[in-house]
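Okay, hi everyone, thanks for making the time. Let me put the structure up on the screen, and then I'll walk you through a few parts of it.

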Amino acid sequence: MKTRLAIFSDIHANLPATQAVRAHIESAGYDAVYCLGDLGGYASQPNEVQDEVMAMGCPTILGNYDEGVGFEKENCGCHYVKPFDIEMSNVSFLWTREHTAPERKAWLRELPREIRLVVNGLRVLLCHGSPRETTEYLFENRSDGYLRQFTSGGKADAQADVIVFGHTHVPFHREVDGVHFINTGSVGRPKDGDARAGYCALTLDAESVTSEQIRVDYDVELACSRLVEAGLPEYFAEYLRTGGQVASK
């Protein structure tokens with residue numbers, strides 16, 4: 001028996017992208033749907049995006065942005081290094097924290113940090129950054145040795161056969177020591193050079209684990225115009241247009 005899951009993450013206040021992905025998921029007939037967090041940031045509609053996710057009724061976990069906004073922290077925990085990236089991150093976070101409604105912050109505070117499932121005998125862990133930390137980046141170029149710490153016997157053994165996460169905004173699927181590491185990509189702020197919204201279609205059965213990165217067209221210019229009109233930097237709009245390939249300063 002095969003089970004098909006739709007898993008999406010890193011929406012980042014992009015309502016047109018969210019609506020397009022929601023429509024695609026609802027038309028595809030998945031067995032279950034999950035959201036891995038980061039609903040706000042970088043675009044102009046965090047409240048409306050949260051309403052869409054809530055209306056979908058899908059289990060949702062706490063992303064680093066959700067934690068920062070919900071708990072009124074000083075920053076998003078993004079851990080950028082370049083001064084320009086830090087500056088843009090702070091502009092985004094402070095704007096989002098100010099413009100997210102109190103009742104929606106309260107909802108964010110109740111989100112769990114992980115979800116564990118058993119699907120067709122496979123142990124599945126859903127998290128935002130890594131099994132260890134919401135803010136940890138499991139980049140696509142992490143070595144097998146780095147990922148091995150989350151496999152059986154590793155120092156941060158996740159006790160899972162399939163680990164699904166987001167946070168980096170770049171999709172990939174790798175297997176290390178029998179454990180599948182799957183990044184969902186990003187709904188609202190891709191960084192892989194493809195401006196379309198993305199989410200993961202995960203198929204599980206007793207003998208195989210397969211994933212597909214689904215890309216969905218949406219009105220990118222509408223999202224761009226809305227964020228600029230809201231007073232956010234034009235840089236954020238160009239980031240959406242280029243799928244994250246605009247040069248930072």
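Let's start with a pair of strands. Strand 1, residues 3–8, and strand 8 are joined by five bridges, and they run antiparallel. One pairing you can look for there: alanine 6 has alanine 201 in strand 8 as its bridge partner. And before I go on, please keep in mind that this is a predicted model.

Strand 8 has another partner too. It's linked to strand 9, residues 209–216, by eight bridges, again antiparallel. If you want a spot to check by eye, alanine 197 sits opposite valine 216 in strand 9. To get from strand 8 to strand 9, the chain goes through a hairpin of four residues.

So is strand 8 enclosed or not enclosed by the rest of the structure? Well, strand 8 covers residues 197–204, and eight of its eight residues are buried, so the strand is largely enclosed by the rest of the structure. Now, in a regular strand, side chains alternate between the two faces of the sheet. Here, Ala197, Tyr199, Ala201 and Thr203 point one way, while Gly198, Cys200, Leu202 and Leu204 point the other way, and all of them are buried.

Okay, let's zoom out. The chain's secondary structure adds up to eight helices and nine strands. There are 249 residues, and a compact globule of that length would have a radius of gyration near 18 Å; this chain comes in at 17 Å, which agrees. Along the principal axes, the C-alpha atoms fill a box of roughly 50 × 40 × 35 Å. Of the 249 residues, 59% are buried. And if you take contacts with a separation of 6 or more, 68% of them are between residues 24 or more positions apart.

A quick word on the surface and the charges. The accessible surface is about 10400 Å², with 48% of that belonging to carbon and sulfur atoms. There are 24 positive and 36 negative side chains, and the centres of those two sets lie 3 Å apart.

One last stop: where is cysteine 58? You'll find it in the loop between helix 2, 46–56, and helix 3, 64–70. Cysteine 58 counts as buried because its relative accessibility is 10%, and the cut-off for buried is under 20%. Leaving out residues up to four places away in sequence, cysteine 58 touches Phe8, Val33, Tyr34, Cys35 and Val53. Its C-alpha is also 7.9 Å from that of alanine 32, and those two are 26 residues apart in sequence.

Notes: Residues numbered from 1 in each chain as written. Predicted model: local features only at pLDDT ≥ 70, side-chain atom pairs only at ≥ 80, totals over all residues. Heavy atoms only, no water. Helix = DSSP H or I, 4+ residues; strand = E, 2+ residues; numbered from the N terminus. Rg over C-alpha atoms; globule rule 2.2 N^0.38 Å. Buried < 20%, exposed > 50% of the residue type's maximum accessible area, 1.4 Å probe, protein only. Contact = heavy atoms within 4.5 Å. Areas by Shrake-Rupley, 256 points an atom, 1.4 Å probe, with all protein chains shown as cover. Lys, Arg positive; Asp, Glu negative; His and termini not counted. Charge placed at Lys NZ, Arg CZ, Asp CG, Glu CD. Pairing = 2+ DSSP bridges.
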